[in-house]
Structure formats: C-alpha cells, structure tokens
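Please examine the sequence and the structure shown below. The report that follows describes selected contacts, cores and helix crossings.

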Amino acid sequence: RFLSETHRVLRKGGFLLWADFRPPAQIEPLEQSIRQCGFEIMKAATITPNILASMALQGQRNRALIDRKVPPVARRLFYHFAGVEGSQTLAELQSGKLVYLYRALRKVTSI
C-alpha cells in the first residue's frame, strides 16, 4: 500500500529513497512488489553494518535520552525502536534475523 501511494503521488521519473529493516526471506518478495508498482530499483544496498556501527556509537546517548524524556511505561518500546543494547531489534540485526536495506527507486510507469 505504501509503495502504491508513493507511486501515485510521484511524477514519472521521480525518485524514492527508502530504508527499512526486514527478515532476509522478505527481500525478494519486497523487490517484486517494488517492480510491480512501477518502480525501477536504481540502487540496492544492505546497510546493516553501518546501522550497527551507528547504534553502537549512539546507544548510551539514546538510552539516556529515552530515560529522560519517555514515561517509564513506554520506555521498552522506545528502546526497541532505537535498537539500544539489550533490545530485540539490536539482537536480530546482529544475528542476521533482520537486515537493514536501502533502495533508491525511480518511477518508470504510470499504473
């Protein structure tokens, strides 16, 4: 749905820069959906190592910020989102259960 809506609002030749994490088994179906929606994949990269390096550098800062700004009841969700030490997100990126992807897409067709 996201890809369809993005395709709808872009003019032909318009670009979408996209990054997100997924289980490895979802990469090929995702790329099929990208193409079916009328996008060309201009660049594809796995940026997991870069994301992990950033998380390592920012982890303590992010945890401290969450501890200061987020009510205790919601902190666990924010830790997960930020990928701080001990979070499921960080563990799954480190183990390879999740990979962080980058795609540069260009709208090539009108659907």
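Leu 16 touches Phe 2, Leu 3, Thr 6, Leu 10, Phe 39, Arg 103, Ala 104 and Leu 105, when residues up to four places away in sequence are not counted. The model in which these contacts are found is a predicted one.

**The nonpolar cores**

The largest nonpolar core has 13 residues, and Leu 16 is one of those that touch the most other members. Leu 3, Ile 34, Phe 39, Leu 101 and Leu 105 are also in that group. At least two residues of this core come from each of β1 (15–22), α2 (27–36), β2 (39–46) and β3 (99–107). A second core, separate from the largest, consists of 6 residues, among them Met 55, Leu 90, Leu 93 and Tyr 100.

**Leu 10 and Val 108**

Leu 10 lies in the loop that joins α1 (2–9) to β1. Setting aside residues up to four places away in sequence, the contacts of Leu 10 are Phe 15, Leu 16, Phe 39 and Lys 107.

Val 108 is placed in the segment that follows β3. Its relative accessible area is 27%, so Val 108 counts as partly exposed; the class of partly exposed residues lies between the cut-offs of 20% and 50%. Beyond its neighbours within four places in sequence, Val 108 is in contact with Lys 12, Gly 38, Phe 39 and Glu 40.

**Separation in sequence and in space**

The table sets the separation of three residue pairs along the chain beside the distance between their C-alpha atoms.

| Pair | Separation in sequence | C-alpha to C-alpha distance |
|---|---|---|
| Leu 10 and Ser 110 | 100 residues | 9.6 Å |
| Val 108 and Ile 41 | 67 residues | 9.9 Å |
| Gly 59 and Ala 104 | 45 residues | 27 Å |

Gly 59, listed in the last row with a distance of 27 Å to Ala 104, belongs to helix α3. Is Gly 59 buried or exposed? Its relative accessibility is 12%, and Gly 59 therefore counts as buried, as the cut-off for this class is under 20%.

**Helix α3 and its two partners**

Helix α3 (residues 48–69) and helix α4 (residues 75–82) have axes that come within 10 Å of each other and cross at roughly 160°. The two helices, α3 and α4, are therefore roughly antiparallel, a term used for angles over 145 degrees. The handedness of this crossing of α3 and α4 is right-handed. On the α3 side, the residues that meet α4 are Met 55, Asn 62, Arg 63, Ile 66 and Asp 67. On the α4 side, they are Arg 75, Phe 78, Tyr 79 and Ala 82. Sorted by class, this contact of α3 with α4 comprises 5 nonpolar, 1 polar and 3 charged residues.

The axes of α3 and helix α5 (residues 88–95) also come within 10 Å, and they cross at roughly 140°. This angle makes α3 oblique to α5. The crossing of α3 with α5 is left-handed. Thr 48, Ile 51, Leu 52 and Met 55 of α3 form the contact with Thr 89, Leu 90, Leu 93 and Gln 94 of α5. This contact of α3 with α5 has 5 nonpolar residues, 3 polar residues and no charged residues.

Met 55 appears in several of these descriptions. It takes part in the contact of α3 with α4, in the contact of α3 with α5 and in the second nonpolar core.

Conventions: Residues are numbered from 1 along each chain as its sequence is written. This is a predicted model: local features need pLDDT of at least 70, side-chain atom pairs count only at pLDDT 80 or more; totals for chains, interfaces and linings use all residues. Side-chain values use heavy atoms; hydrogens and water are left out. Axes are lines fitted to C-alpha atoms, for helices over the stretch in contact, and angles run from 0 to 180 degrees between N-to-C directions. Helices (H or I, at least four residues) and strands (E, at least two) are DSSP runs, numbered from the N terminus. Angles under 35 degrees count as roughly parallel, over 145 as roughly antiparallel, 65 to 115 as roughly perpendicular and the rest as oblique. A crossing is left-handed if the near helix is turned anticlockwise from the far one by less than a right angle, and right-handed if clockwise. Contact means heavy atoms within 4.5 Å. Ala, Val, Leu, Ile, Met, Phe, Trp, Tyr, Cys and Pro count as nonpolar, Asp, Glu, Lys and Arg as charged, and the others, Gly among them, as polar. A nonpolar core is a set of buried Ala, Val, Leu, Ile, Met, Phe, Trp, Tyr and Cys residues joined through side-chain atoms within 4.5 Å. Buried means under 20% relative accessible area, exposed over 50%, partly exposed in between (1.4 Å probe, protein chains only).
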